[in-house]
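Here are a few exercises to work through with the model open beside you. Try each one yourself before reading the solution.

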Amino acid sequence: MATNSILDSLPPPTQLLTSSSRQLPTFSFFSFTRPSHSTTRCNSLSLKTEMVNLFNRGKTIIAQQLPGESDTDCTDFSSKTEAFAFPRRKVMTLIFSSYIISEVGLPDIAFAQPSVGLREYINTFDGYSFKYPQNWIQVRGAGADIFLRDPYVLDENLSVELSSPSSSKYKSIEDLGLPEEAGKKVLKQYLTEFMSTRLGVRRESSILSTSSKVADDGRTYYQVEVNIKSYANNNELAVMPKDRVVRKEWDRRYLSVLGVENNRLYELRIQTPENVFLEEENDIRQVMDSFRVNKT
């Protein structure tokens, strides 16, 4: 009777695979080879290798049958994964197109905003009131009694100026003379405020209209409209005239409504670019017509 030894109880040694029966993944700088399931991988355990690089690896679907998962569920998941696969070429196109759009600069153009309705402002202490677009914001510290501006069109604003009661004694609006004379004074005041010490700056101005109107409160108001354009050289220090090219900096319309009460001169001032005024004229006219002065 043969005696079993410890060596006889051990399992037979595992046979090593030769180099011809197993292929290791190969790598390169731009691509690598990896094993993947075939199109019938849910029903077969056979493997194949596919070359994956920068342009086709995004299309590789992720599908592996889990333990306990039926063949139908695995196939359904594989089809959904393939439908949502996003090619890398499209990703790169999206990135580059976004970069190009972000680098393209748009010219600085003022666009008029749709009418948003008017809100009334009443100052009982100083004695005046007016209506203004309800989306405009107040800016404090601007020097005027009140200063409002359009949050989108930065060159469009509204302010109210008051004369000092100690330095002036206005009895009526006629103290300014006729509307034409008042218009010249208003224009002169604007040009004084816009004086510039820069070389090569030139201003062109004109009075567009002056009028007198009796409002529903029985008081007379003057309305003045002027246009001012500003021009400047692109190189004011150039020696040759041909190197000093003149360009237009801005083209604005200034509208003023003047009224007298409490021995003071009240002025509602509106500034707007000419191209915006053409689109918002109706709203601006309503703001001008709403200006009132009251006793305090």
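**Exercise 1.** Which residue in β7 does leucine 148 stand opposite?

*Solution.* Start with the ground rules. This is a predicted model, in which local features need pLDDT of at least 70 and side-chain atom pairs count only at pLDDT 80 or more, while totals for chains, interfaces and linings use all residues. Residues are numbered from 1 along each chain as its sequence is written, and side-chain values use heavy atoms, with hydrogens and water left out.

Step 1: find leucine 148 in strand β6, residues 146-149. Strands here are DSSP runs of E with at least two residues, helices are runs of H or I with at least four, and both are numbered from the N terminus.

Step 2: look across to strand β7 (residues 157-162), which runs antiparallel to β6 and is joined to it by four bridges. Two strands pair if DSSP finds at least two bridges between them.

Step 3: read off the partner, which is leucine 158.

**Exercise 2.** Decide why leucine 148 counts as buried, and list its contacts beyond four places in sequence.

*Solution.* Step 1: leucine 148 counts as buried because its relative accessibility is 3%. Buried means under 20% relative accessible area, exposed over 50%, and partly exposed in between, using a 1.4 Å probe and protein chains only.

Step 2: with neighbours within four places set aside, leucine 148 is in contact with Phe130, Tyr132, Trp136, Ile137, Gln138, Asn157 and Leu158. Contact means heavy atoms within 4.5 Å.

Step 3: check one of these by C-alpha atoms: tyrosine 132 lies 16 residues from leucine 148 along the chain, with 8.5 Å between the two C-alpha atoms.

**Exercise 3.** Work out the strand order of the open three-stranded sheet and place α5 against that sheet.

*Solution.* Step 1: the order is β3-β4-β12, with antiparallel pairing.

Step 2: β3 (118-123) and β12 (292-293) are the edge strands; each has a single partner, so one side of each lacks a neighbour in the sheet.

Step 3: α5 packs on this sheet and touches β3, β4 and β12, its direction making about 165° with that of β4. Axes are lines fitted to C-alpha atoms, for helices over the stretch in contact, and angles run from 0 to 180 degrees between N-to-C directions.

**Exercise 4.** Where does α5 bend, and by how much?

*Solution.* Step 1: the bend is about 80°, at glutamate 280. It is the angle between axes fitted to the seven residues ending there and the seven starting there.

Step 2: Glu280 is also among the buried residues of α5.
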